[in-house]
Structures are given as C-alpha cells and as structure tokens.
Amino acid sequence: MKKVLAVKTPVGGIVQIIPRDDSDTAVGLSWREMVLSDAEKEASRLYLFDEGFIEHAAGSLEPDLDIQRFLRDIIDIN
C-alpha cells in the first residue's frame, strides 16, 4: 500500500515522501526546511533509501507480520 511519510532526517530535517501516481516505485520528496544545499538534500535522500523509508512509502516492502504484531504490542510509558 502506498502512503505519504514524513521522516526527520539527520541532515535535511523533515522530509515528506510522496508516492507518485504515474509509477509503482517512484516517489517525490518534499523538504520542510527551505534553505538546504544540494549536498544536504542528497544526504537525506541516501538516508531515506538506506533506512528503507522510500521503499516503504512506495509500498514495495512486505513487512513480516510477526514483527508488526510485536511492534504494535509495545506501549509508550512516557
């Protein structure tokens, strides 16, 4: 399932990953921080790809159901 994700990256700040309707695997990226160098944007792109966020937004990953069930059972105690 395709979904829009907003991820805080270490270098580029918050980036929205928006799946494109014209492709099964392509996404668009939108940075909330307006003043970023090309190097900062590239670093955040690599981070999103390395961590699997781009594939997840495009719906190309099939998460393990047991892991998903385990993560849902974790509660926030703060």
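Mentor: Buried means under 20% relative accessible area, exposed over 50%, and partly exposed in between (1.4 Å probe, protein chains only). This is a predicted model: local features need pLDDT of at least 70, side-chain atom pairs count only at pLDDT 80 or more, and totals for chains, interfaces and linings use all residues. Residues are numbered from 1 along each chain as its sequence is written, and side-chain values use heavy atoms, leaving out hydrogens and water.

Trainee: What is the relative accessible area of Glu42?

Mentor: Arg45 is partly exposed, at 33% relative accessibility. Glu42 also falls in the partly exposed class, and its relative accessible area is 37%.

Trainee: Which residue forms a salt bridge with Glu42?

Mentor: A salt bridge needs a side-chain nitrogen of Lys or Arg within 4 Å of a carboxyl oxygen of Asp or Glu. The whole structure contains one. Its closest N and O atoms are 3.3 Å apart, and the partner of Glu42 is Arg45.

Trainee: Which element gives the largest share of the largest nonpolar core?

Mentor: Such a core is a set of buried Ala, Val, Leu, Ile, Met, Phe, Trp, Tyr and Cys residues joined through side-chain atoms within 4.5 Å. The largest has eleven residues, among them Trp31 and Leu48. Helices (H or I, at least four residues) and strands (E, at least two) are DSSP runs, numbered from the N terminus. At least two core residues come from each of β1, β2, β3 and α2, and the largest share, three residues, from α2.

Trainee: Which residue in β2 stands opposite Val7?

Mentor: Strands pair if DSSP finds at least two bridges between them; antiparallel β1 and β2 have five. On β1, Val7 belongs to the covered face, with Leu5 and Thr9. Opposite Val7 stands Val15.
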